[in-house]
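The exercises below are meant to be worked through with the structure in view. Each one sets a task and then solves it step by step.

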Amino acid sequence: MAVKSLGVVMNGVTGRMGYRQHLVRSVLAINEQGGVELSDGSRVTLDPVLVGRNEEKLRDIATRHGLERWTTDLDAALGDAANVVYFDAQLTSVREESIVKAIDAGKHIYTEKPVSETVEGALTLAKQAKTAGVKNGVVHDKLFLPGLLKLRRLIDSGFFGRILSVRGEFGYWVFEGDWQEAQRPSWNYRAEDGGGIVVDMFCHWDYVLTNLFGRVEAVTAKAVTHIPERWDERGRRYDVTADDAAYAIFELAGGVIAQFNSSWAVRVHRDELLELQVDGTLGSAVAGLHHCVIQPRTATPRPTWNPDLADEQRYRDQWQEVPDNTPPQNGFKAQWEQFVRHVEEDAPHPYDFLAGARGVRLAQAGLQSSNDGGRVELPELTL
């Protein structure tokens, strides 16, 4: 069958996510497998042009992977008719301006989240893209994690009965940077640069909760800064101006209650860095990034509260592992393939700019709740 090449402008590939997850593990991996297969059996390979501000870094990446196209001139890349798709993995603070340029150039757009720093900005982009007739998508990678795919399978099978609640635990200890190098970039801890765990993670929690359990209708949250000072990539001390932990209650459509702890200042005592416990009338499950275990109603043990005696039950041993059944793949790559099919043959892709705007709104509502000390309702968001 025929093989078609699709030009992709990749802006921000010198950053960690843009390079590792999107260029290497997605775009280049897609080409290595022979492209994205379409419904008629034909294939689409991706021809990336690397865009960024640092010429030396771009040249190094291009040389390392045998790529010929790279530039520091975004306008020139957008002006090339061979480039059909624009992808953005820049800092959030500069993303909106570049996406507007891509819309004006008539490019289909796929972007990292959040799509904008504000709800108003995200909605404006959604309206502009709709008016221009360009297809658009926002990364929703966590839905493609093997553990959450198993959770989706359980939900679709009716395993839980009526779902009652969801409890999410996410995070790990990020070193301060003085005696051990931090695992996250310093801008994550500066609000003026778009940092903060609420801005970073609530966008994810919105699409995870909405697509698995129901739309988020209200939020009550507390955002805090546990570690007030850190050291940057050059070893310079700086004051932390963004939240590094958040504790939230999300009220979902249908009466499901979700509680999420998100923290870069927590030491891990769980099997994976992200875990969701889902409890229903007919069974419960605990899903992580890769694994998922279940306990049906018919196999639920009978715990008894007695603080005077040591509890000899091994509770973790009473759960059953959910099998993979389908080979796992990189979630970022899977969504790139989905977006390419959306561009080429109008295949479904519900994770558009409007979905991205909902994530931005939840983050803003979480910060508002924390600042005001109250519950924030979230009516349905439409264009």
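**Exercise 1. In which sense do β12 and β13 pair, and over how many bridges?**

The model examined here is predicted, and the solution starts from the two strands named in the task. Step one is to find β12 at residues 245-252 and β13 at residues 257-263. Step two is to follow their pairing, which is antiparallel and runs over seven bridges. Step three is to pick one pair as a check: the bridge partner of Ala246 is Ser262 in β13. Step four is to look at the turn, where four residues lie between the strands of this hairpin and Gly254 takes a positive phi near 90°. A last step looks to another partner of β12, since β9 and β12 also pair in the antiparallel sense, over eight bridges, with Thr220 standing opposite Ile249 in β12.

**Exercise 2. Place these strands in their sheet, and find which strands stand at its edges.**

Strands of a sheet pair through backbone hydrogen bonds, either parallel or antiparallel. Begin with the order, which reads β17-β16-β15-β14-β8-β13-β12-β9-β18, nine strands that form an open sheet with mixed pairing. Next, take the ends of that order: β17 (320-321) and β18 (376-377) each have a single partner strand, so one side of each is left without a neighbour in the sheet. Then examine a pair within the sheet, where strand β15 (residues 283-287) runs antiparallel to strand β16 (residues 292-296) and five bridges join them. Within that pair, Val286 stands opposite Val293 in β16.

**Exercise 3. Which strands does helix α6 touch as it packs on the sheet?**

First, locate α6 at residues 146-157 and list its strand contacts, which are β8 (163-171), β14 (274-280), β15, β16 and β17. Second, compare directions: that of α6 makes about 165° with that of β15. Third, consider length, for α6 has twelve residues and reaches 17 Å from its first C-alpha to its last, close to the 16 Å expected at 1.5 Å a residue. Fourth, list the residues of α6 that are buried, namely Pro146, Gly147, Leu148, Lys150, Leu151, Leu154 and Ile155. An α-helix has 3.6 residues a turn, so residues three or four places apart point the same way. The buried residues of α6 pack against α7 as well as β8, β14, β15, β16 and β17. Just after the helix, Gly158 takes a positive phi of about 85°. To finish, turn to helix α7 (residues 197-212), which lies across β8, β9, β12, β13 and β14 and runs at about 25° to β12.

**Exercise 4. Why can strand β3 be called largely enclosed by the rest of the structure?**

The count comes first: in β3 (residues 43-51), seven of the nine residues are buried, and the strand is therefore largely enclosed by the rest of the structure. Here a residue counts as buried when its relative accessible area is under 20%. The partners of β3 come next. Strand β1 (residues 3-11) runs parallel to β3 and is joined to it by nine bridges, and one such bridge links Asn11 with Val51 in β3. Strand β2 (residues 36-37) pairs with β3 in the antiparallel sense over two bridges, with Val36 opposite Val44. The hairpin of β2 and β3 has five residues between the strands, and in it Gly41 takes a positive phi near 95°. Strand β4 (residues 70-71) pairs with β3 in the parallel sense over two bridges, where the bridge partner of Leu50 is Trp70.

**Exercise 5. Compare the two annotated domains, then describe the whole chain.**

Start with the records: an unreviewed UniProt entry places the domain "Gfo/Idh/MocA-like oxidoreductase N-terminal" at residues 50-138, and the domain "GFO/IDH/MocA-like oxidoreductase" at residues 149-285. Then read the composition of each span, which is 48% helix and 19% strand over residues 50-138, against 18% helix and 36% strand over residues 149-285. Widening the view, the protein chain has nine helices and 18 strands, and 51% of its 383 residues count as buried. The final step concerns overall size: a compact globule of 383 residues would have a radius of gyration near 21 Å, and the 22 Å of the protein chain agrees with this.

Technical notes:
Residues numbered from 1 in each chain as written. Predicted model: local features only at pLDDT ≥ 70, side-chain atom pairs only at ≥ 80, totals over all residues. Heavy atoms only, no water. UniProt positions renumbered as here; feature names shortened; annotations may be inferred. Pairing = 2+ DSSP bridges. Contact = heavy atoms within 4.5 Å. Axes fitted to C-alpha atoms, helices over the stretch in contact; angles between N-to-C directions. Expected span 1.5 Å × (residues − 1). Buried < 20%, exposed > 50% of the residue type's maximum accessible area, 1.4 Å probe, protein only. Rg over C-alpha atoms; globule rule 2.2 N^0.38 Å.
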